[in-house]
Amino acid sequence: MNSEKLKNKFKNEYKDFFRENNKVFSLPLNLNWVSDINEEYKGIHIKQKIPLRIYVWVNKIKKHKIIFNKINYFDINEDNFIKEKMVEYSPVISEIKDFFDEQYEIKNNFNHWLEFNILAEMWKWQGSGFISILSALLIILYKNNYNEEYFNIKEKIAKKSDKIIDILNDDNFYNDLLKTTLKINKYIERPLSIVNQISSLFDWRYPIVSFVQKNYKTQDPEKIKFFWYRINDLNEKIPKIPYIPIDYWLIYTGMPVSSSQILYSYMNSDKKENKVLKNISDFFCNDISGLDDNDKPSFSIKFLNKKSFIERNKAFVEIYLSLMWTLSLKILNNFVDFYKKPYDEYLSKKFLENVKKISRFNLLTKKCSIHFKKFMQEIINNFKDSYLDLAIAPNDTMLMWWNAIFAMNVEWNRWKLLNTIKEINKTNYWVKLTYANWLDWVEKRWLIVEQDINDKIFSEFIDNNSLLLIDSNWNKKIIWNNFFEMEDYKNWLFLDLTKNKILFNWNKLTSKELKSQNTTIEVLVKLLENKWDYISNKDLSLSSYSTNKNDMISKIIWPLEKLIKLENNIYFKIICTWTISNFKIKLEETDLEIYIIKHLN
């Protein structure tokens, strides 16, 4: 599955999404070769973009609040897109909204506010950095709307060949994004992966390697040091175009789960351990309490003593961390060797062995759902004697619920794994192939400005015959060349620039109501561009109306005011002042909704 396949199959979903908006940015999701969202993990991360994206659009609104509206996400089991409220989609999104409310709404006095909507090509609770990447898009779109210099796409493209670590050190945009994310982490008291954000925010087909300084959680966000590299930055012998002799896949295990639930269980594990400790102590406490420490059984000293118990747990964590650090560095070394000389069979074997070890270490040291273990065992049983050629690992080493990564030598046993998935489907319908590099290709692109009407950037789903609908707040929306689609717009004034006509209450005005519709349209458009401010008659095209104040009032302003008052009884006032030949006009604030319709280009 990839973006192109979804766009071809669900054209109407994308078409409806893009026509409802002004500005859309997108970022790709990630595959995690080596990563762990557990804060205890401080080894290296190796992530690779996959061709599945999150699209976020933003529109300006008059309401004095930020709105997190809808998410339209692809559900692989339903084979369709499903709409849901953003704050109900994930509890973390609701907490991020609270952060925006507190940090931005209260402190800033903006003349407009924002509404966010999402289209996601990954279904609910599937990982791949979804929430972290979404938060990056929200931050970028939010800040870009109030400061157009915050993110300059052309400037970033110009730097794309630079080393990531050099860009991060010199670029205010990336620094601000990282620091804002750290502030969100602190606010919501759970980790959003900065690693996922940066991995998506740089182009190139190579995986991204990253790590962070020790004890970063206790540091001032302004001073924390992060380190990122494309794998080809690490060795000059690696070619520009990557090739790896490995097929790799993401397969959905059929087990959705919220990362919040799993993080909560880890955060509260100490409390559970202490309860176990107390229960066991109660079993024997009375009988052994009178013994000297030298005479007490060893298990009571090592286990029932709270201090020793905590130290033993810490030692166990250190063993896990040492194993994972060593393994992550071995896999990194495998990647570098692979890309330098991809046709070495020995390197392929070593890489697959190390990926297998990720699962072994985690099954011993981490919580894993029974469903995930059963899923892995079914795959192994179906592969039988070919299992030696197959490596399986969780897509996140802490969360053994979601997608699993499968790797094998290129073109070996593709048919067998596909048949295995079909076989498992007979008893577990929810198991699905999410992504395969040989079917869906490797993602190179990073952040894409999919649409920005103000800059005349339009999505591929916007038809050339489309029209642009602009309201009195200068918000823009794309519509088809068909007024029947706009029948909900009652009691509003439409200025049709495509035909130089004015419609009011869906009635076309004639020369009886307005002497010159062309001039009236021009005047109203100018007034809306300079909302509630005066414009000079010198700013209008040369005509009797623009050179004579009395003509302007008697033939343009008064007839329009009279018509609107008669039909709607809405306050509508255009002030015209100064001399006969040198005058200025202003539209006073009104509740009348005025819309402009014009050609898209």
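This passage describes the overall make-up, one sheet and the nonpolar cores of a predicted protein model.

The secondary structure of the protein chain amounts to 20 helices and 21 strands, and of its 601 residues 54% are buried. The area exposed by the protein chain is about 29400 Å², of which carbon and sulfur atoms supply 50%. When contacts between residues at least 6 apart in sequence are considered, 73% of them join residues at least 24 apart. The confidence of the prediction, expressed as pLDDT, averages 78 over the protein chain, with 76% of the residues scoring at least 70. In residues 268-272, however, the pLDDT is below 50, and this stretch has one contact in the model beyond near neighbours in sequence.

Among the elements of the chain is an open sheet of four strands, in which antiparallel pairing gives the order β9-β10-β8-β11. Because β9 (390-394) and β11 (432-436) stand at the edges, each with a single partner strand, one side of each is left without a neighbour in the sheet. On average, and with direction ignored, neighbouring strands of this sheet are turned by 25° against each other. Strands of a sheet pair, in general, through backbone hydrogen bonds, in either a parallel or an antiparallel manner. Here, the pairing of β9 with strand β10 (residues 403-409) is antiparallel and extends over five bridges, and Leu390 has Met408 in β10 as its bridge partner. Helix α16 (residues 414-425) lies across β8 (246-252), β10 and β11, and the helix runs at about 5° to β8.

Nonpolar side chains in soluble globular proteins tend to be buried together. In the present model, the largest nonpolar core comprises 144 residues, and those with the most contacts inside this core are Phe116, Phe351 and Ile585. Helix α5 (residues 130-146) contributes eleven residues, the largest share of this core. The surroundings of Ile585 can be described individually: leaving aside residues up to four places away in sequence, Ile585 touches Val523, Leu527, Asp533, Tyr534, Ile535, Leu540, Ile557, Ile574, Ile575 and Cys576. A second core, separate from this one, has 17 residues, including Leu390, Ile392, Ala404 and Ile421. Leu390, whose bridge partner in β10 is Met408, thus links the description of this second core with that of the sheet.

Methods. Residues numbered from 1 in each chain as written. Predicted model: local features only at pLDDT ≥ 70, side-chain atom pairs only at ≥ 80, totals over all residues. Heavy atoms only, no water. Pairing = 2+ DSSP bridges. Helix = DSSP H or I, 4+ residues; strand = E, 2+ residues; numbered from the N terminus. Axes fitted to C-alpha atoms, helices over the stretch in contact; angles between N-to-C directions. Contact = heavy atoms within 4.5 Å. Core = buried A, V, L, I, M, F, W, Y, C linked by side-chain atoms within 4.5 Å. Buried < 20%, exposed > 50% of the residue type's maximum accessible area, 1.4 Å probe, protein only. Areas by Shrake-Rupley, 256 points an atom, 1.4 Å probe, with all protein chains shown as cover. pLDDT = per-residue confidence, 0-100.
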